[in-house]
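User: I would like to learn how to read a protein and DNA model step by step. Could you take me through it, one feature at a time?

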Number of protein chains: 2
Amino acid sequence: MAKRDHAEVCAEVCTHPEILDKVKPEMPDEERLYDLAELFKVFGDTTRIRILYVLFESEMCVCDIAELLNMTQSAISHQLRVLKQARLVRSRREGKTVFYALDDDHVRTIIGQGMEHLEESHGRRKKHEEDL
Amino acid sequence: MAKRDHAEVCAEVCTHPEILDKVKPEMPDEERLYDLAELFKVFGDTTRIRILYVLFESEMCVCDIAELLNMTQSAISHQLRVLKQARLVRSRREGKTVFYALDDDHVRTIIGQGMEHLEESHGRRKKHEEDL
DNA sequence: CAAACATATGAACATCTGTTCATATGTTAG
DNA sequence: CTAACATATGAACAGATGTTCATATGTTTG
């Protein structure tokens, strides 16, 4: 018999069967989890977060956003596309200009919870500076 | 005078000053938004989402997670480090084995809202298949 | 129609990210 | 102490991602 590597030994030996048996049936659809990760990826970029943030305040056109964030029209347009595909943003045409707005209240909740987490975990870090 | 490019013209001409003046002062701290994007980046990976999901059910050790997700111990360990640095997960040593658990209720809220958004926006896509 | 303009998009490029592999660290048993 | 084992981590590599540049599309004005 070939010598088994660490990972194999670990998986067969160190594992806690009562936990595995309990959790395995609860595992949700892989596709669902993939979509969820894709959604959060959209929030995981400074430019897109900033775009969402300015849209909190008001509907606005691509140029307005580019001006506010001090970035090129092209970069903003590319990112608006990503946000739109994720259904976080919707657009409305008015003549030459296209206005963008938040498409969903979950955006506010998700960003709000993110902010709360940052504040709380930052507080905890202050208290337990040592355990890094 | 050199010919000005489109972006410049756009920023100076097509912009809506009443909107910009209203939104500019509301812009939050750049650093805060950066941290927020960093946080969501952590949620934006299938492996990490799956780890968080199994930890919903129960505290468990690295090997358990590796076995459940059918991945190597090393890959899981690397990702647990990321989750821990983001304060989404905490660890507790018991002899040789290290148990990981969710560190924060915001994790549940954020993931929950993400799921809701997916379901709703998926519903909307069914209704308005055309506007892609 | 053509010119001007707001926005969208494809390709290219540099950077970032996740996994693997090898190995280090820390803990327990003998 | 040493062997065995659970976990952690550094380096390297492949694939993903965001911006830029050039240009296309769609709309209004004259």
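Analyst: What follows goes from the fold of one chain to a sheet, a core and the DNA surfaces, and please keep in mind throughout that this is a predicted model.

User: Where should I begin, and which pattern does chain A follow along the sequence?

Analyst: A good start is to list the helices and strands in sequence order before looking at how they are arranged in space. Chain A has 7 helices and 3 strands, and when they are read along the sequence they give the pattern α-α-α-α-β-α-α-β-β-α. One can then ask how much of the chain is hidden: of the 132 residues of chain A, 44% count as buried. Among the contacts in chain A with a separation of 6 or more, 49% are between residues 24 or more positions apart.

User: How do I read a sheet, and in which order do the strands of chain B stand?

Analyst: To read a sheet, follow the order of its strands in space, which need not be their order in sequence. In chain B, 3 strands form an open sheet in the order β1-β3-β2, with antiparallel pairing. The strands β1 (60-61) and β2 of chain B stand at the edges and each has a single partner strand, so one side of each is left without a neighbour in the sheet.

User: How many bridges join strand β2 to strand β3 in chain B?

Analyst: There are 6 bridges between strand β2 (residues 89-94) and strand β3 (residues 97-102) of chain B, and these two strands run antiparallel. You can trace the pairing residue by residue: B:Ser91 has B:Tyr100 as its bridge partner in β3(B), while B:Arg93 stands opposite B:Val98. The two strands form a hairpin with 2 residues between them, and in that turn B:Gly95 has a positive phi of about 65°.

User: Is B:Cys63 buried or exposed?

Analyst: Here the value to consult is the relative accessibility, with buried meaning under 20%. B:Cys63 has 8% relative accessibility and therefore counts as buried. B:Cys63 belongs to helix α5 (residues 62-69) of chain B, and its C-alpha is 8.8 Å from that of B:Thr97, although the two are 34 residues apart in sequence.

User: Which residues have the most contacts inside the largest nonpolar core?

Analyst: The general idea is that, in soluble globular proteins, nonpolar side chains tend to be buried together. In this model the largest nonpolar core has 71 residues, and those with the most contacts inside it are A:Phe40, A:Phe43, A:Ile111, B:Phe40 and B:Phe43. If we take A:Phe40 and leave aside its neighbours within four places in sequence, its contacts include A:Ile110 in its own chain, and B:Phe40, B:Phe43 and B:Ile111 in chain B.

User: Now for the DNA: which residues are the closest to DNA strand C?

Analyst: With DNA, it helps to ask who surrounds the strand and then which part of the strand is approached. DNA strand C is surrounded by 28 residues, the closest being A:Ser74, A:Tyr100, B:Thr47, B:Arg48 and B:Gln79. Of the atoms of this strand that come within 4 Å of the protein, sugar and phosphate account for 66%. Bases are approached too, since a base nitrogen of DNA strand C is 2.9 Å from an N or O atom in the side chain of A:Gln73, and another such pair puts a polar side-chain atom of B:Ser74 2.7 Å from a base nitrogen. On the phosphate side, a polar side-chain atom of B:Gln79 lies 2.5 Å from a phosphate oxygen of DNA strand C. The helix α6(A) gives the largest share of the surface near this strand, 5 residues, and by class that surface has 10 nonpolar, 11 polar and 7 charged residues.

User: And what surrounds DNA strand D?

Analyst: The same reading applies. DNA strand D has 28 residues around it, and the closest are A:Thr47, A:Arg48, A:Gln79, B:Ser74 and B:Tyr100; sugar and phosphate make up 65% of its atoms that come within 4 Å of the protein. Base oxygens of DNA strand D are found 2.7 Å from an N or O atom in the side chain of B:Ser74 and 2.8 Å from one in the side chain of B:His78. For this strand the largest share of the nearby surface, 5 residues, comes from α6(B).

Methods
Residues numbered from 1 in each chain as written. Chains lettered and ligands numbered in written order. Predicted model: local features only at pLDDT ≥ 70, side-chain atom pairs only at ≥ 80, totals over all residues. Heavy atoms only, no water. Core = buried A, V, L, I, M, F, W, Y, C linked by side-chain atoms within 4.5 Å. Buried < 20%, exposed > 50% of the residue type's maximum accessible area, 1.4 Å probe, protein only. Contact = heavy atoms within 4.5 Å. Pairing = 2+ DSSP bridges. Helix = DSSP H or I, 4+ residues; strand = E, 2+ residues; numbered from the N terminus. Near = heavy atom within 4 Å. Polar contact = N/O pair within 3.5 Å; in protein donor to acceptor, adjacent residues only side chain to side chain. Nonpolar A, V, L, I, M, F, W, Y, C, P; charged D, E, K, R; others polar.
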